[in-house]
Structure formats: C-alpha cells, structure tokens
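Reader: Before we begin, I should like each label to be justified by its value and its cut-off. May I put my questions in turn?

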Amino acid sequence: MKKIILTAFAGVSLLISGTPVFAELFSVSVGIPLSHTITGKTAESDGVSGSFVHAKLPLIPVGLGIESYKTKVKDSASLKIATMMFDIFYLLPVPIINLTLGIGAGNVNIVGGGSNYEKGSATQWYTSIGIPILPLFDIHISYRSITAKNTKDSGTKLDLSGNVTGVGLAFVF
C-alpha cells in the first residue's frame, strides 16, 4: 500500500511540475571566472579573478546567486573592472545533465589608477551545463553575456559589455 501511494505521489508530481519530485532537494554551487572578453573595444582583459555563488531553493527549480569578480585591464597595471551581479536562475528539467538559464543585474566599477568613471549599471543572461561526477557533486561550465556601461564625469560613456566564461562545482542533495 505504501509503495502504491509513493508511486502515485511521484507520478502526480511529475505530471504537474515536469520534473521528478525527489531529483534534487537543494544545491549550492561555487565557481570561478576563467576568461572575460570585453566586446566594446574600449579595454582589453588581462585576466580575471573572483567567484560565483548560487543556491537552488528547496523543491522548486529556481535559485538565487551572487557574482563578484575583477578584471585586470591590459597595459594598465593599476586599473581593474570590478563587477558585482545578483542572479535568478531556472534549472531546466533535463535528464542526466543540469542545464541552467539565468539573468542578472548589478554594477560595474573601474577601480584603481585615479579613475574618474562613476559606477555603472550592468545586466546579463547566462547559461550553465553541469555533468554529475559523483552522486552528490556536479562539475559545470558557464557562459555569461554582459551589457554594461560606465559614465565619466564629463558625460563620456565607456562600453564594458562582454562575455565571461567560468567553471564550478555544485553540491547537490
């Protein structure tokens, strides 16, 4: 009798949500940026460092995240582009892999070297593909497309839009 009730509950939850109810209760993901390409042609990246932290909420395929990283500007030892983003994402119900789509909003700031630029706004969309490596872990790669602009005191705009790739590890339970 218990087996019939459990099977019926799992079947109904699968039909309603499109995902198995017991697939993943909660997950925490930590990642690092590997590269940052600035497409606005206003600066060139010379390396990036920082972190991405995301957590999926219990029993629903939606999660929240925060990203903070700094990109060194080529040919300028003291200038860095500091990026801070707050994300919301959706874990798609795809078997075997963890496919995530998300959006984010935050700011970019040019720090160091006496920069006269004010903090600018930034938005992004991103995707991540995770592959389980052990029963409770997955390794994932991610791609972010960022739109960002900073304004100088004189009104000059600096386009800091670009792409960021990263890698991370998720703990799933």
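Author: Glu44 is a suitable start: Glu44 is partly exposed, with a relative accessible area of 48%. The model discussed here is predicted.

Reader: Why is Glu44 called partly exposed?

Author: Buried requires under 20% relative accessible area and exposed requires over 50%. The relative accessible area of Glu44 is 48%, so Glu44 is partly exposed.

Reader: What makes the pair of Lys74 and Glu44 a salt bridge?

Author: The closest N and O atoms of Lys74 and Glu44 are 3.6 Å apart. The cut-off is within 4 Å, so the pair is a salt bridge. Lys74 lies in the loop between E3 and E4, and Glu44 in the loop between E1 and E2, 30 residues apart. Lys74 is partly exposed as well, at 38% relative accessibility.

Reader: How many salt bridges does the structure hold, and which residue pairs with Arg144?

Author: The structure holds three salt bridges. In one of them Arg144 pairs with Glu67, with 2.9 Å between the closest N and O atoms. Arg144 belongs to strand E7 and Glu67 to strand E3, so this salt bridge ties together parts that are 77 residues apart in sequence. Both Arg144 and Glu67 are buried.

Reader: Why does the pair of Lys149 and Asp159 count as a salt bridge?

Author: The closest N and O atoms of Lys149 and Asp159 are 3.9 Å apart; the limit is 4 Å, so the pair qualifies. Lys149 lies in strand E7 and Asp159 in strand E8 (residues 157-159), 10 residues apart. Asp159 has a relative accessible area of 23%, and because buried means under 20%, Asp159 is partly exposed.

Reader: Over which rings does the charged end of Arg144 sit?

Author: The charged end of Arg144 sits over the ring of Phe52, 3.7 Å from its centre. The charged end of Arg144 also sits over the ring of Tyr126, at 4.9 Å from the centre.

Reader: Why is the pair of Phe52 and Tyr69 called edge-to-face?

Author: There are three aromatic pairs by the rule applied. In that of Phe52 and Tyr69, the ring centres are 5.9 Å apart and the planes stand at 90°. Planes over 60 degrees apart count as edge-to-face, so the label follows. Phe52 is in strand E2 (residues 45-56) and Tyr69 in strand E3 (residues 62-73). Both Phe52 and Tyr69 are buried.

Reader: What makes the pair of Phe137 and Phe171 tilted?

Author: Their ring centres are 5.4 Å apart and their planes meet at 50°. Stacked needs under 30 degrees and edge-to-face over 60, so the pair is tilted. Phe137 in strand E7 and Phe171 in strand E9 (residues 162-172) are 34 residues apart.

Reader: Is His140 buried or exposed?

Author: The relative accessible area of His140 is 12%, and because buried means under 20%, His140 is buried. His140 lies in strand E7 (residues 137-151). The side chains of His140 and Asp138 are joined by a polar contact of 3.3 Å. Among the residues that His140 touches are Ser29, Ser128 and Gly168.

Reader: Why does Leu59 count as exposed?

Author: The relative accessible area of Leu59 is 60%, and because exposed means over 50%, Leu59 is exposed. Leu59 is placed in the loop between E2 and E3. Although Leu59 is not a glycine, its phi is positive, about 65°.

How values were computed
Residues are numbered from 1 along each chain as its sequence is written. This is a predicted model: local features need pLDDT of at least 70, side-chain atom pairs count only at pLDDT 80 or more; totals for chains, interfaces and linings use all residues. Side-chain values use heavy atoms; hydrogens and water are left out. Helices (H or I, at least four residues) and strands (E, at least two) are DSSP runs, numbered from the N terminus. Buried means under 20% relative accessible area, exposed over 50%, partly exposed in between (1.4 Å probe, protein chains only). A polar contact is a pair of N or O atoms within 3.5 Å; within protein, one must be able to donate a hydrogen and the other to accept it, and residues adjacent in sequence count only if both atoms are side-chain atoms. Contact means heavy atoms within 4.5 Å. Rings of Phe, Tyr and Trp (its six-membered ring) pair if their centres lie within 6.5 Å; planes under 30 degrees apart count as stacked, over 60 as edge-to-face and the rest as tilted. A charge sits over a ring if NZ of Lys or CZ of Arg is within 6 Å of the ring centre and within 35 degrees of the ring normal. A salt bridge is a side-chain nitrogen of Lys or Arg within 4 Å of a carboxyl oxygen of Asp or Glu. Lists of a residue's contacts leave out its neighbours within four places in sequence.
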